[in-house]
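This report is meant to be read with the sequence and the 3D view open side by side. It begins with charged pairs in one chain and then turns to packing, backbone geometry and the overall form of the other chain.

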Amino acid sequence: MDIHEYQAKELFRAAGIPVPPGRVATSPDEARQIAQELGGKVVVKAQVHSGGRGKAGGVKLASSPDEAATHAGAILGMSIRGLEVKRVLVTVAEDIASEAYVGILVDRTTQRPMFMVSAEGGVDIEEVAATNPDAIRKLRVDPRYGLLPHQAYGLANFLYTDPAQVKQATRIMAQLYEAFIGNSCSLAEINPLIVTPTGEVKAIDAKVSIDESALFRLPEVEALRDLDAEPAAETLAREAGLSFVKLDGNVGCCVNGAGLAMATMDLVKTYGGEPANFLDIGGSSNPDKVVAALEIITADPNVKAILFNIFGGITRCDDVATGIVEASRRIRIDTPIVIRLTGTNEAEALEILAEAGFSAFTGMDEVVQKAVDLAAQA
Amino acid sequence: MSIFIDDSTRLVVQGITGRDGSFHTSQMLEYGTRVVAGVTPGKGGQHFTALNGDRVPIFNTVEEAVAEEGANTSAIYVPPAFAAGAIMESADAGIHFIVAITEGIPVLDMTRAAQFVKDRGARLLGPNCPGAISPGTAKVGIIPGQITTPGPVGVVSRSGTLTYEAVAQLTAAGIGQTTCVGIGGDPVIGTDFIDTLRAFGEDPDTEAVVMIGEIGGTDEQEAAAWAREHLQIPVVGFIAGQTAPPGRRMGHAGAIISGSSGTAEEKIRAFEENGIAVARRPVDIRDLVRECLGA
């Protein structure tokens, strides 16, 4: 789960990391008032779950409260990579002597939290990794011991030469690691970590993603979820216990299991179509999930054909069939549905579907081809 | 022959009284797996009765199940909040093969649990995996027994139902399996592709391997390079997620393209460069395996 910069900064602030003061605004008037309270120069920053905010014109410097209001008026409502800006962060503008990068993520290969730090801050770290890998120092933290003091110092020492700055950065490394672990992050990034002309080390941008699987024990972090930042269909899907990702094609897909769902989307493409979504109804056999899935898929106006691909193992085909029939009674479905069911209770399922007037297949390739054809004809 | 599980497997089911644990314990017993114990804290001394009438003693701890019943393998069906703890309990009790079915274990919990298991010299399969089945001998996990049949092909995969799809097609074509192994769809897992390929390579009965991967991470790429160097038997590969957009988690917590890394194209290229025959459609897996076996 991604959270906004202003929320990430709150988590950092709570961990003790120096972050310039600021607050979030939803209107130009509010932005003016915050700028007034902060005094001096401020930055008005779009709060959306996307990189490239600066390039898109979503980050502006203001030297007066009125200018902050004007910028907020321009930024609020603008669209950055398809996401509407509904909030801006108004924060003190710091003077910058140098910029560094500090990030932590879970390294899959070594299965450990991994620091990446670079004195080349304020830029895309993937680019630095590709063009100048020696500019990055990596440190994998042994989960048995956590971040050790000499390791934190080593990271800071890689970035700075001035002992006072090294000392401040050492503390920030430890604080960032605590924030990373304490909030079950999958990513925590300070880019840039700056040094001011007076030698203070501060985080002026923050990016945090939280491990979805850990949210059950972090209600205060779960509360940071911004439902505006995701398509409504994805919110509905999550609440119904479905995995769903919206795409741009016209073949709606409803599959059990993530791997089979991806393979089904790929096969749609192989046969010349485009999938409208990824949707995994999961391993359970709850007909209500099938109903919810069909509601979500049919709400997408691009969808011209709906494809079911169910491999019954734990999932029982007859339960899915019941769900399809149930959904067709509860909601109006004008889109043609093509169904493939095989495995556990396949015969019962085919009977249930036949009675309700649906035809079903048992081969994956034929049903995908049929769905692609139907979508093309529509 | 087979890998990881066979007729010496003595299974303890952690979370045997839960909804999933009880259902699958019955399924495993019906398949012929020796389920020797169950563990549910607070229910020690009771018995679990399977659908076929078999009775399994329940203990409070895995340690007791090992001491009393000689359990050497565990299957974990406990909820995500307790699953990492259950894995470490198993390793601490001397279980040498731990299969974690549970989906949704926090990743940071797993970084600790995976290290703990390694430190004790045990092997972890999963989490968020369907387990393993050695057709005709034993199954640990949730893979439907009826789609498998004994034979010469090893199957290893990050997914559940996609594996069933491939295995069912093999079985329908008369091509049996030594062992089918689901390594799981999480970013931090125990046994990986290389571990499984190594085990298949050492198994005299496995004549070819099917490796089913998906987007996210570099496990497939590393396994492909390893196989070229160390594996004497042919590998047929499949990668799911060619149409997956970057930065989005596709159901499995580990199925995500981060930046420009972990794409299907990258993995398919690694397969091809290392002599692995790549199936473009799931149905092609069967045909490529048939060619490998020269049948």
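A:Arg316 and A:Asp318 join their side chains in a salt bridge, with 3.1 Å from N to O. The model is a predicted one, and what follows describes that prediction.

**Salt bridges**

A:Arg316 also takes part in a salt bridge with A:Asp319, where the N to O distance is 3.6 Å. How exposed is A:Arg316? A:Arg316 counts as partly exposed because its relative accessibility is 37%. A:Asp318, by contrast, has a relative accessible area of 12% and is therefore buried, and A:Asp319 counts as buried too, at 17% relative accessibility.

Elsewhere, salt bridges with shared partners tie A:Glu5, A:Lys9, A:Lys45, A:Arg53 and A:Asp205 into one network. Within that group, the side chains of A:Glu5 and A:Lys45 form a salt bridge of 2.8 Å, N to O. This pair connects distant parts of the chain, since A:Glu5 belongs to helix α1 (residues 5-14) of chain A and A:Lys45 to strand β2 (residues 42-46) of chain A, with their positions 40 residues apart. Why does A:Glu5 count as buried? The cut-off for a buried residue is a relative accessible area under 20%, and A:Glu5 has 4% relative accessibility, so A:Glu5 falls in that class. A:Lys45, with a relative accessible area of 8%, is buried as well. Over all chains, the structure holds 41 salt bridges.

The three pairs described above are set out here.

| Salt bridge | N to O distance |
|---|---|
| A:Glu5 and A:Lys45 | 2.8 Å |
| A:Arg316 and A:Asp318 | 3.1 Å |
| A:Asp319 and A:Arg316 | 3.6 Å |

**Packing and a loop in chain A**

Helix α5 of chain A runs over residues 149-159, and its buried residues are A:Gln151, A:Ala152, A:Gly154, A:Leu155, A:Ala156 and A:Leu159. Which elements do the buried residues of this helix pack against? They pack against the strands β7 (98-107), β8 (112-118) and β9 (136-140), and also against helix α6 (163-182), of chain A.

A:Val123 is placed in the loop between β8 and α4 (125-131) of chain A. With a relative accessibility of 41%, A:Val123 counts as partly exposed. Leaving aside residues up to four places away in sequence, A:Val123 touches A:Val128 and A:Asn191. A:Val123 and A:Tyr153 are 30 residues apart in sequence, and their C-alpha atoms are 23 Å apart in space.

A:Asn191, one of the residues that A:Val123 touches, is followed by a cis peptide bond to A:Pro192, with omega near 10°. A:Pro192 itself is part of strand β10 (residues 185-195) of chain A.

**Backbone geometry in chain B**

Chain B has a cis peptide bond between B:Gly126 and B:Pro127, with an omega of about 15°. Where does B:Pro127 lie? B:Pro127 lies in the loop between β7 (123-125) and β8 (131-134) of chain B. The loop between β7 and β8 of chain B also contains B:Asn128, a residue other than glycine whose phi is positive, near 55°. B:Asn128 is buried, with a relative accessible area of 10%.

B:Phe4 likewise has a positive phi, near 65°, and is not a glycine. B:Phe4 is located in the segment before β1 (11-14) of chain B, and its relative accessibility of 18% means that B:Phe4 counts as buried.

**Chain B as a whole**

Chain B contains 9 helices and 14 strands. For 295 residues, a compact globule would have a radius of gyration near 19 Å, so the 18 Å of chain B agrees with that expectation. Along the principal axes, the C-alpha atoms of chain B fill a box of roughly 55 × 40 × 30 Å.

Of the 295 residues in chain B, 63% count as buried. Among the contacts of chain B with a separation of 6 or more, 71% are between residues 24 or more positions apart. The area that chain B exposes is about 10300 Å², and carbon and sulfur atoms supply 47% of that area. Chain B carries 21 positive and 34 negative charges, and the mean positions of the two sets are 4 Å apart.

Note on methods:
Residues numbered from 1 in each chain as written. Chains lettered and ligands numbered in written order. Predicted model: local features only at pLDDT ≥ 70, side-chain atom pairs only at ≥ 80, totals over all residues. Heavy atoms only, no water. Helix = DSSP H or I, 4+ residues; strand = E, 2+ residues; numbered from the N terminus. Rg over C-alpha atoms; globule rule 2.2 N^0.38 Å. Buried < 20%, exposed > 50% of the residue type's maximum accessible area, 1.4 Å probe, protein only. Contact = heavy atoms within 4.5 Å. Areas by Shrake-Rupley, 256 points an atom, 1.4 Å probe, with all protein chains shown as cover. Lys, Arg positive; Asp, Glu negative; His and termini not counted. Charge placed at Lys NZ, Arg CZ, Asp CG, Glu CD. Salt bridge = Lys/Arg side-chain N within 4 Å of Asp/Glu carboxyl O.
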